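This report walks through one protein chain, element by element. Look at the structure first, then read on.

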Amino acid sequence: MLCRAQDGSYLAGEQAQRQELTHHQWVARGFTRRVGEDAPLLVGNDFVQPHALAATMIEWVADAVAHRQGHPPEHIAVAHSANWGPHRTHVVHQALAQLGISDVTLLPEPVAVAMDYASKQRVDDGGAIAVGNIGGTGFDATVLRRRTPGFEVVGPPLDSPHPGGQDLDDALFEHIRAELGGLAGLDVTDFNVRATLAQLRGDCVHARETLSFHPGATLRIHLPKVNTDFAVSRSRFEKLARTHLERVPELVLQAVQSANLTPGELDAVVLAGGVARTPLLKQLVQERLERQPLVDGAPELVAACGAAVSAVKAVSTEGDQAASMAETSVLMRIEAPDDDPNLLDPLDDDVAESPRPPVEVEPMHIEPPDEKRQRLFKILKLTLAALLVIAGLIMTFYGTPSTGGLLGGAGGPAPQQQQR
């Protein structure tokens, strides 16, 4: 989410969300799904392309990081939707270049999730894993195969706007509205009522997250006609969410079948995104695929962590290239302290420490010149030149009388014309 300020700058995240109630016409959301489209979005009084908003969001995050760390990042890596193709990544790179940001790596979210998984669990070269990424605004399922030092996508990824975290939040919000009949008669044109409903919608998000690791959650509702505490149990929430979550294992299975594989041929099934915390989701995937899905302790961060692993590799590669070009170059290496569990280990220790393979340049094969063909071309050239010279001589000697006849005809009629 982005909110455009009066001076032309942008606010993002929670700062933009706080402005949505009073300045909703200056707020843009969901623009990442429209990247690559020709139709611009209306933000305030201006039309802005979706890829320009995506670049602005990346710039905002980079500036926030630079402010917090005290210096700009050495490299930026962005995990994007799985259905982005070359056109979408190209327009985003162009928009970033206009903002002065050039050192950016764009990689699909499933690849970033796989990179994060491989940084914690060893994946043999050629091994296949399925990634189900369920975020706030949609779901994608992708099968990837390990190709050191990264991953390649196998088969077409499946991308769907449903289910997502918003679907579960909406289901909980509608359940509360149905249980509390007083919400039906509220005046939504009143600013205070709209603000209270927006707060309740945000509380539904926090309640859904709480129910992922607690058996119950309580929402405090303060409305003009309703002032109460509303308790929701996990079992009740799972009944509301089951219809949406049952789509996840089916989509993952479709992705596996599209890759000409079976669930038994996979090395792992990895679930990412905040909704992956839901115990019912893990149960449904295990029952349908007959595989225990793997969920990180912070599943909402695995795509960002995988992008960070990719950024570290990009910085290391750039440093290796610079060191090979100049002996005075300095290769900077970041080493994580042993007592800091929050920092990621390299993707594969044996791959990172192995020597780089030698580059063998095969000499280009050049066909020997054809002397016979060259001699024929020379004869043709000389013949053509001789013909041009003869034609020029003929025009020089025989063109003058013809010209005089024409000029004489202009002064009086020709003899034949007088007889006629």
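## Helix 3 and its surroundings

Helix 2 (50-69), strand 6 (76-80) and strand 7 (104-108) are among the elements that cover the buried residues of helix 3. Contact here means heavy atoms within 4.5 Å. Helices (H or I, at least four residues) and strands (E, at least two) are DSSP runs, numbered from the N terminus. The model is predicted: local features need pLDDT of at least 70, side-chain atom pairs count only at pLDDT 80 or more, and totals for chains, interfaces and linings use all residues. Residues are numbered from 1 along each chain as its sequence is written, and side-chain values use heavy atoms, with hydrogens and water left out.

Helix 3 spans residues 86-98, 13 residues in total. From its first C-alpha to its last it reaches 18 Å, close to the 18 Å expected at 1.5 Å a residue. The expected span is 1.5 Å times one less than the number of residues.

Which residues of helix 3 are buried? They are Thr89, Val91, Val92, Ala95 and Leu96. These residues lie on the same side of helix 3, because they cover an arc of only 165° around the axis. That arc is taken from the directions from the helix axis to the C-beta atoms. An α-helix has 3.6 residues a turn, so residues three or four places apart point the same way. The face turned away from the buried side of helix 3 carries the exposed residues Pro86 and Gln98. Buried means under 20% relative accessible area, exposed over 50%, and partly exposed in between (1.4 Å probe, protein chains only). Just after helix 3, Gly100 takes a positive phi of about 85°.

## The sheet

Five strands form an open sheet in the order 10-9-8-13-14, with mixed pairing. Strands pair if DSSP finds at least two bridges between them. Strand 10 (150-160) and strand 14 (294-295) are the edge strands, each pairing on one side only. Helix 4 (residues 109-118) packs on the sheet. Helix 4 touches strand 8, strand 9 (139-147), strand 10, strand 13 and strand 14, and its direction makes about 55° with that of strand 9. Axes are lines fitted to C-alpha atoms, for helices over the stretch in contact, and angles run from 0 to 180 degrees between N-to-C directions.

Strand 8 (residues 128-134) pairs with strand 13 (residues 268-272) in the parallel sense, over five bridges. Gly132 has Leu271 of strand 13 as its bridge partner. Strand 13 and strand 14 also run parallel, joined by two bridges. There, Leu271 stands opposite Val295 of strand 14.

Strand 13 is mostly covered, with five of its five residues buried. Ala268, Val270 and Ala272 point one way, while Val269 and Leu271 point the other way. In a regular strand the side chains alternate between the two faces of the sheet.

## A helix pair

Helix 7 (residues 234-245) and helix 8 (residues 247-258) pack at an angle of about 20°, with their axes 6 Å apart. Helix 7 is therefore roughly parallel to helix 8. Angles under 35 degrees count as roughly parallel, over 145 as roughly antiparallel, 65 to 115 as roughly perpendicular and the rest as oblique. Helix 7 makes the contact with Thr243, His244 and Leu245, and helix 8 with Arg247, Val248 and Pro249.

## Unusual backbone spots

Most residues other than glycine have a negative phi, and most peptide bonds are trans. Where do the exceptions below sit?

| Residue | Backbone value | Place |
|---|---|---|
| Pro149 | cis bond from Thr148, omega near 15° | loop between strand 9 and strand 10 |
| Pro163 | cis bond from His162, omega near 0° | loop between strand 10 and helix 5 (165-179) |
| Asn260 | positive phi of about 60° | loop between helix 8 and strand 13 |
| Glu290 | positive phi near 55° | loop between helix 9 (279-289) and strand 14 |

Asn260 counts as exposed, at 69% relative accessibility. Glu290 counts as exposed too, at 71%.

## The whole chain

The chain holds 13 helices and 14 strands. Of its 420 residues, 34% count as buried. Among contacts between residues at least 6 apart in sequence, 62% join residues at least 24 apart.
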